[in-house]
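Trainee: Could you walk me through one salt-bridging residue in close-up, and then show me how the rest of the fold looks from there?

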Amino acid sequence: MRVCVIGTGYVGLVTGVCLSHIGHHVICIDNNEAKVKLMQSGQSPIFEPGLSEIMKSSIESGRLEFTTDIAAGVEHGQILFIAVGTPALPNGESDTRYVEAVARGIGANLKGGYKVIVNKSTVPIGSGDWVRMLVLDGLAERQRAEAQPVLAGVGGGEEIRPAALTGEYDFDVVSNPEFLREGSAVFDTFNPDRIVLGSNNSDRPIKLMQELYTPIVERQFAEDKSAPPVPVVVTDLSSAEMIKYAANAFLATKISFINEVANICDRVGADVMQVAKGIGLDSRIGSKFLSAGLGWGGSCFPKDVSALIHTADDYGYETQLLKAAVSVNERQRLIVVEKLQQALKILKGKTIGLLGLTFKPDTDDLRDAPALNVIENLTRLGAKVKAYDPIISQSGMRDGISDVIVETDPERLADGCDALVLVTEWAQFLSLDYIKMAKLMNAPILIDGRNFLNQPVLEEAGFRYIGIGR
């Protein structure tokens, strides 16, 4: 099938690359010329395991193209994905101006033939009908512009209306939310738990979307090809949009819950890891997202929970549980600072080393990373902060990072530190030379902000190990 993906951020690029890998002809659109040139050369602008390899092979096969020309993409695609960012505004509302610009741009470039316009961006509930209106507005604006030369000599001041829509400009809007985890996005695309398709119109757009995803539904590219077909949830637009928000809000709440439990465990002498194991074996609860630590961050959970809270406020409902989940998460980021104060007493003049900066492993994403709050608070208390991250340290990325010395290896990080804090659970942190690192430190103290490291190994290496809720 012919596919156009507008927006090559995290979701758009992964979507476009993976759809081309399963056999579709995909054109990806972005208005950043330098970024497009980079991608045309076969280089990915983001770090995501497995993405670069299939991106290069799809380009070489001719199934994947990148351009800044939205008109070419709209003309090419039977299915047009809107995959631009919807960052949170200061009040928690989603910033949808990029979605608006793309929807109008699609309308301005519709030339004929049936199109399915897909909201892949995480958009506020009710955005399906809004996007349809914007596409029609963009089409009407183009029709007015095209009519001007013909009407140049017409007088009388009468209003000129654009031609009514006909089958020539036939399209439907579908909601197809993404459920990708950064660091596992390629795997998640080919091995999804479910595919959600929302439409308020006929079965026509749903049938095309089902055809698009057939190779994935049938597990042709799955890790376990013998697994049952992927469930496809077909619903209305608003319900599809709500599914995305509800899923992320529930997972965020689950993390905040186990962090509340961890803080109680710290006070009563229980071990939250044993507690999580015990409750996770209950099939009604499940073991996933029961890892206590510094809380959630990144581009999805904070934005989506805030957007759902804002939507509820618009309709006169106060989401007390979700607001509490946000409050717990904000407080949780300061737990390691409190533990450092308990271990070192005064932090002014002390040097603290952070193991990890990104909000989770296997990504280069620093958006709303807990490390940034830790750095801010340690600096405010007069501490000197150093950090080592497997991706950030090697890539030279420094956007959004201030008041921290980024070291190039773990030993340099440990040298002269009064304590280390594990912030991101990178797999390679399990096998560092902690014996050597302990000898380089002023005081071999390690706060495990993710309960990730092996406590006996650390203590044997000479560290005083301090976990969360243990």
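Here is the residue I would start with: is arginine 97 buried or exposed?

Mentor: Happy to. Arginine 97 is exposed, because its relative accessibility is 53% and the classes run from buried (under 20% relative accessible area) through partly exposed to exposed (over 50%), using a 1.4 Å probe and protein chains only. Keep in mind that this is a predicted model, where local features need pLDDT of at least 70 and side-chain atom pairs count only at pLDDT 80 or more, while totals for chains, interfaces and linings use all residues. Residues are numbered from 1 along each chain as its sequence is written, and side-chain values use heavy atoms, with hydrogens and water left out.

Now to the partner. Arginine 97 makes a salt bridge (a side-chain nitrogen of Lys or Arg within 4 Å of a carboxyl oxygen of Asp or Glu) with aspartate 95, and their closest N and O atoms are 2.8 Å apart. The two ends sit in quite unlike surroundings: aspartate 95 is buried at 9% relative accessibility, whereas arginine 97 is exposed at 53%.

This pair belongs to a set of 21 salt bridges. In another of them, aspartate 30 meets lysine 35 at 3.8 Å, N to O, and aspartate 30 is itself buried, with 12% relative accessibility. A third one links aspartate 368 to arginine 333 at 3.2 Å. Aspartate 368 is in the loop between strand S9 (351-355) and helix H14 (370-380), and arginine 333 is in the loop between helix H12 (320-332) and helix H13 (335-344), so their contact ties together parts that are 35 residues apart in sequence. Helices (H or I, at least four residues) and strands (E, at least two) are DSSP runs, numbered from the N terminus. Of these two partners, aspartate 368 is partly exposed at 35% and arginine 333 is buried at 5%. Glu100, Arg104 and Glu141 go one step further and form one network of salt bridges through shared partners.

Next, the pockets. Leu180, Arg181, Asp188, Phe289 and Lys360 lie nearest the centre of the largest pocket, out of 50 lining residues. H1, helix H7 (185-190), strand S7 (195-198), H8 and H9 each give two or more residues to that lining, and H9 has the largest share with 5. The second largest pocket is lined by 38 residues, with Ala83, Val84, Gly85, Thr86 and Pro87 closest to its centre. Here the elements that give two or more residues are H1, helix H5 (97-108) and H11, and H11 leads with 4. On the 1 Å grid over the protein atoms alone, a pocket is an open set of points with protein on both sides within 12 Å along at least five of seven lines, a cavity is a set where a 1.4 Å probe fits but cannot get out, and lining residues have an atom within 4 Å of a point.

Phenylalanine 289 deserves a second look. Its phi is near 65 degrees, a positive value in a residue other than glycine. Phenylalanine 289 lies in the loop between helix H10 (272-280) and helix H11 (301-314), and is partly exposed at 31% relative accessible area. Arginine 219 also has a positive phi, near 65 degrees, and it too is not a glycine. Arginine 219 sits in the loop between helix H8 (204-217) and strand S8 (232-235), and is buried at 12%.

Finally, the strands, which pair if DSSP finds at least two bridges between them. Strand S1 (residues 2-6) runs parallel to S2 over 5 bridges, with cysteine 4 opposite isoleucine 27 in S2. S2 also runs parallel to strand S3 (residues 64-67), over 4 bridges, and valine 26 stands opposite leucine 64 in S3. Strand S2 (residues 25-29) is mostly covered, with 4 of its 5 residues buried.

Elsewhere, 6 strands build an open, parallel sheet in the order S11-S10-S9-S12-S13-S14. Strand S11 (405-406) and strand S14 (464-466) are at the edges with a single partner strand each, so one side of each has no neighbour in the sheet. The partner of S14 is strand S13 (residues 445-448), joined to it in the parallel sense over 3 bridges, with isoleucine 445 opposite arginine 464 in S14.
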